[in-house]
Amino acid sequence: MLLRSIAGAALLGALSLGAHAQETFDGYLCCNLRTDGSWMSDANYAESGKRIVPAGTPVRVTGYGRQRVLVEVNGGKQAIGNDYSRDLDLGAFARRWVVAEDPSRKIAGYSPKIREAIKSARITKGMTREQVAMAVGWPISSENPNLDVPIWRMWISSFGGYTVNFDKAGRVTGVETDPQTRVLVYVD
């Protein structure tokens, strides 16, 4: 009976580990992400005390927890929280934010205006969807399940929403929001 209990517990442990087992890998942040030093969220809010970890920063995915991807960034441990994109499994979520190819190489080839917008974590007219993501992060998938649509709904804070408008070629035509948020997210 005791052996049966131990075997059952081991099987349950293995099954539960398998349900959460995901690959670990090295890569680069796809996008500018804001951190408080231990936590980065898919909402990417620009809250007081947060600093930007730039697109292209080397990252190691070390594990997974409840709705989070555990990473090492610049020698420190952090988590990328899947706060609003829970329709994505954690493996796909991790691959959205940590990419194999260093985006710094692409960024270096962009026009000075686009490079400066990305560096300042803001959007400017003419950016592609990928460039917008590099600058301010991917839109949360719960509000933006399809990324090929002409409007992305984004947030700078829990009360600072804005929309990014794209033309038929997939380039930014403008941002719609209140004047205060516009100054924070858009550069002419």
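# Strand pairs and salt bridges

Mentor: Let's start with one facing pair: Ile 151 stands opposite Asn 165 in strand 10. Keep in mind that this is a predicted model.

Trainee: How do you know that strand 9 and strand 10 are paired?

Mentor: Strand 9 (residues 151–157) and strand 10 run antiparallel and are joined by six bridges. Pairing requires at least two bridges, so these strands qualify. They form a hairpin, with two residues between them.

Trainee: And what makes strand 10 and strand 11 a pair?

Mentor: Four bridges join strand 10 to strand 11 (residues 172–176), and the two run antiparallel. The cut-off is at least two bridges, so this is a pair as well. Val 164 stands opposite Val 175 in strand 11. Here the hairpin has five residues between its strands, and Gly 170 in the turn has a positive phi of about 85 degrees.

Trainee: Why is strand 10 called largely enclosed?

Mentor: Seven of the seven residues of strand 10 (residues 160–166) are buried, so the rest of the structure largely encloses it. Buried means under 20% relative accessible area. Both faces are covered: Gly 160, Tyr 162, Val 164 and Phe 166 are buried on one side, and Gly 161, Thr 163 and Asn 165 on the other.

Trainee: Let's turn to the charged residues. Why is the contact of Arg 95 with Glu 23 called a salt bridge?

Mentor: The closest N and O atoms of Arg 95 and Glu 23 are 2.9 Å apart. The limit is within 4 Å, so the pair counts as a salt bridge. Arg 95 lies in helix 2 (residues 90–97) and Glu 23 in the loop between helix 1 (2–20) and strand 1 (25–29), so the pair ties together parts that are 72 residues apart in sequence.

Trainee: What makes Asp 26 exposed, and what is Arg 60 called?

Mentor: Asp 26 has a relative accessible area of 53%, and exposed means over 50%, so the label fits. Arg 60, with 34%, is partly exposed. Their side chains meet in a salt bridge (2.9 Å, N to O). The pair links distant parts of the chain, with Asp 26 in strand 1 and Arg 60 in strand 5 (residues 58–65), 34 residues apart.

Trainee: How do you know that Lys 106 and Glu 130 form a salt bridge?

Mentor: Their side chains meet at 2.8 Å, N to O, which falls within 4 Å, so the definition is met. Lys 106 is in helix 3 (residues 103–108) and Glu 130 in helix 5 (residues 129–136), 24 residues apart.

Trainee: How many salt bridges does a search of the whole structure find?

Mentor: Five.

Methods. Residues are numbered from 1 along each chain as its sequence is written. This is a predicted model: local features need pLDDT of at least 70, side-chain atom pairs count only at pLDDT 80 or more; totals for chains, interfaces and linings use all residues. Side-chain values use heavy atoms; hydrogens and water are left out. Buried means under 20% relative accessible area, exposed over 50%, partly exposed in between (1.4 Å probe, protein chains only).
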